[in-house]
Amino acid sequence: MEMETLKLLRDYFPTAVFTGKCLVFISEEWRVELTEHKDSDFSKAGGDEPSVIRLRIFKRTLDGELIGGHYEDFQLASLGELAEQIEKYVQMAIGANLRENIE
């Protein structure tokens, strides 16, 4: 099912907005996006690999433009661990907690 993991992550991050294609956290200074990617390599056995969640962080400039900075791919089977690691990464990168409104 498409976007299944993102829909589940939405429960972990109440300040996120689900756009139908990504989860977005936005503030005056930052935009954080989570997108879900399925492995398209059908030659792999099993096919039970968890989705790849790509996290992208954008910083807003003084004139309002968004500049891409950090991005990282996460692929963890446990939803709780996935949410925890994403939260930790963002907190270290921008100094804000995703469970609260990012500053």
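Five strands form an open sheet here, in the order β1-β2-β3-β4-β5 and with antiparallel pairing. Strands β1 and β5 stand at its edges with a single partner strand each, so one side of each has no neighbour in the sheet. Please keep in mind that this is a predicted model. Two helices, α1 and α2, pack against each other at an angle of about 65°, and each of them also lies across strands: α1 across β1, β2, β3 and β4, α2 across β3, β4 and β5.

**The hairpin of β4 and β5**

- A good place to start looking is the pairing of β4 (residues 52-60) with β5 (residues 66-74), which is antiparallel and runs over seven bridges.
- Two residue pairs help you find your way: Arg54 has Asp73 in β5 as its bridge partner, and Arg56 stands opposite Tyr71 in β5.
- Five residues lie between the strands of this hairpin, and Gly64 takes a positive phi near 90° there.
- As general background, strands of a sheet pair through backbone hydrogen bonds, either parallel or antiparallel.

**Helices across the sheet**

- Helix α1 runs at about 140° to β3 (30-37), one of the strands that α1 lies across.
- Helix α2 runs at about 20° to β4, and β3 and β5 are the other strands that α2 lies across.

**How the two helices meet**

- Helix α1 covers residues 4-12 and helix α2 residues 79-94, and their axes are 10 Å apart.
- With angles of 65 to 115 degrees counting as roughly perpendicular, α1 and α2 are therefore roughly perpendicular to each other.
- The crossing of α1 and α2 is right-handed.
- On the α1 side, the contact is made by Thr5, Leu8, Leu9 and Tyr12, and on the α2 side by Leu79, Gly80, Leu82, Ala83 and Ile86.
- Sorted by class, this contact of α1 with α2 has seven nonpolar residues, two polar ones and no charged ones.

**Aromatic pairs**

- Searching the whole structure turns up two aromatic pairs.
- One of them joins Phe13 and Phe25, whose ring centres are 5.5 Å apart.
- The planes of the Phe13 and Phe25 rings are at 85°, and planes over 60 degrees apart count as edge-to-face, so this pair is edge-to-face.
- Phe13 lies in the loop between α1 and β1 (17-18), while Phe25 belongs to strand β2 (residues 23-26), so the pair ties together parts that are twelve residues apart in sequence.

Methods. Residues are numbered from 1 along each chain as its sequence is written. This is a predicted model: local features need pLDDT of at least 70, side-chain atom pairs count only at pLDDT 80 or more; totals for chains, interfaces and linings use all residues. Side-chain values use heavy atoms; hydrogens and water are left out. Two strands pair if DSSP finds at least two bridges between them. Helices (H or I, at least four residues) and strands (E, at least two) are DSSP runs, numbered from the N terminus. Axes are lines fitted to C-alpha atoms, for helices over the stretch in contact, and angles run from 0 to 180 degrees between N-to-C directions. Angles under 35 degrees count as roughly parallel, over 145 as roughly antiparallel, 65 to 115 as roughly perpendicular and the rest as oblique. A crossing is left-handed if the near helix is turned anticlockwise from the far one by less than a right angle, and right-handed if clockwise. Contact means heavy atoms within 4.5 Å. Ala, Val, Leu, Ile, Met, Phe, Trp, Tyr, Cys and Pro count as nonpolar, Asp, Glu, Lys and Arg as charged, and the others, Gly among them, as polar. Rings of Phe, Tyr and Trp (its six-membered ring) pair if their centres lie within 6.5 Å; planes under 30 degrees apart count as stacked, over 60 as edge-to-face and the rest as tilted.
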